[in-house]
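This report introduces selected features of one structure to a reader who is new to it. Please keep the sequence and the model at hand while reading.

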Amino acid sequence: MLANNITPHHSGVTAASRRKITGSVPAVFWMSGLSGSGKSTIAVQFERRMTEEGCAAFMIDGDTVRTGLCKGLGFSAEDRHENLRRIAYLAKAMASAGLTVVVCTISPDKQSRDTAREIISEAADFYEVYVKASVDVCAARDPKGLYKRAFAGEIANFTGVSAPYEIPENADIVLDTTENTADECAEILVNTALENICKPAVLVRSMLDAAMLASAKIMEIYDGKYDVSFKEDASPLTTADTASNEVLTTYFRERYPEYSILTEEESSAADLHGMPERLSNNAGVFILDPLDGTKEFIHRNGEFCVSIGFAAHNRVYAGVIAVPAKRLLYYAAEGHGSYKISFDELPENVFDPANRIHVSDRTDKLVITASRSHGDKQTEALLDLNADRIADTITAGSCLKGCLIAEGTADIHYRFGSFMKEWDTAAMQIICEEAGGIYTDGAGNKVPANRADPVNHGGFIILNHPESALKLPEITK
């Protein structure tokens, strides 16, 4: 009768809105294993490491829950099932709130684990994690002195001794604590969680698709007639810039409502120097230059690009650079390397090692890239001062300069002044770094992403190796 009077009220806040605050995907990592296998030790480190990565994570410990929510439940089969059912609903609620949850509980039988998966999967990704260690190993560790008491008959229904433990046969993740330390197991779990949050392969594939759509639109205009106007800083703006921007922003806003967008064609004084929404979005931000190298587009030399970066927690995680006139794609994701393919060779596995690129091994007789359309006296002075170390100079437009370094055709690039913005360099930065190169500001410092002011004050430097750094002329100091 009472159940008939219950009317659930569901939240009106979307998961995408919560993710902008928490920076986490709703997910539960359900750790199962014998007492003493290392579940809680790993979970504590996982929670700390995920928080350090900027993700909202929370640990639910089986013993701790029994002091409150599940207080009064015993260790009979029925009580164990009820204990785990309650924990599953608690984990579901916390994941629904935008947290990455790790549960550490013995969960001795398949039925209870399957029930937990069924409950949680309605609201979040569920990962069954088997923390592997034999009874003998756990008994030798015996951190709580429980095995000694269980073998003495002082504890009834003790899992692994007087009660069965059904080993997970198809666990999503296996952490063997007899072969790996707690630190190593936590690292495995953190990497899996971060893969789940960003889904780099899926994200990069979407960025590649968007870049090719924008490229097709640009080439339609490139082969015909177009209008040219000029911005306040006297830089040119064509109908191709605005058309590409429309393609990209529409694509990403439809598919990734949780992410913000910083794009050259929608920037303003308020965005440059105010506190735009993107700065408080912990989920991430796409950093777009819809047509990098507008002057090259106008000059019809083919050296213009579509540049798409993705950043979160003030660092660039992924980048795609499309070269429409050459039908080439350069791309990278943090920890997955850098790649080069043609428009016609998009692989099913975007991280196929066959397409991976690397910086050169040269540290002398270097090839330096210079801007085709933006020369300056400081670069000329740099070239003169280091003439004995420079074998060749390649001029190139837009972010192609960084791509040439990433693939090993060139070795270094120095850009002086405050001309470039984040949208010019974000994708190039991660592509060079993942190819083994170094990207810093003009003073040699790491460059943060998604800044309040996206101007690259003081310029930037790209090196294939630290030993390739050049002497700087006095004018730059």
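## A pair of packed helices

Helix 2 (residues 39-52) packs against helix 8 (residues 182-198) at an angle of about 45°, and their axes lie 9 Å apart. The structure is a predicted model. Angles from 65 to 115 degrees count as roughly perpendicular and those under 35 as roughly parallel; helix 2 and helix 8 are therefore oblique to each other. Their crossing is right-handed.

On the side of helix 2, the contact is made by Thr 41, Ile 42, Gln 45, Phe 46, Arg 49 and Met 50. Helix 8 contributes residues including Ala 182, Asp 183, Cys 185, Glu 187, Leu 189 and Ile 197. By class, the residues of this contact comprise 11 nonpolar, two polar and three charged.

## An open sheet of seven strands

Seven strands, in the order 8-9-10-11-12-13-14, form an open sheet with mixed pairing. The edges are occupied by strand 8 (260-263) and strand 14 (356-357); each has a single partner strand, so one side of each is left without a neighbour in the sheet.

Within the sheet, strand 12 (residues 328-333) pairs with strand 13 (residues 337-342) in the antiparallel sense, over six bridges. Leu 329 has Ile 341, in strand 13, as its bridge partner.

## A helix across the sheet

Helix 10 (residues 239-255) lies across three strands of the sheet: strand 8, strand 9 (285-292) and strand 10 (305-312). Relative to strand 9, helix 10 runs at about 155°.

How values were computed. Residues are numbered from 1 along each chain as its sequence is written. This is a predicted model: local features need pLDDT of at least 70, side-chain atom pairs count only at pLDDT 80 or more; totals for chains, interfaces and linings use all residues. Side-chain values use heavy atoms; hydrogens and water are left out. Two strands pair if DSSP finds at least two bridges between them. Helices (H or I, at least four residues) and strands (E, at least two) are DSSP runs, numbered from the N terminus. Contact means heavy atoms within 4.5 Å. Axes are lines fitted to C-alpha atoms, for helices over the stretch in contact, and angles run from 0 to 180 degrees between N-to-C directions. Angles under 35 degrees count as roughly parallel, over 145 as roughly antiparallel, 65 to 115 as roughly perpendicular and the rest as oblique. A crossing is left-handed if the near helix is turned anticlockwise from the far one by less than a right angle, and right-handed if clockwise. Ala, Val, Leu, Ile, Met, Phe, Trp, Tyr, Cys and Pro count as nonpolar, Asp, Glu, Lys and Arg as charged, and the others, Gly among them, as polar.
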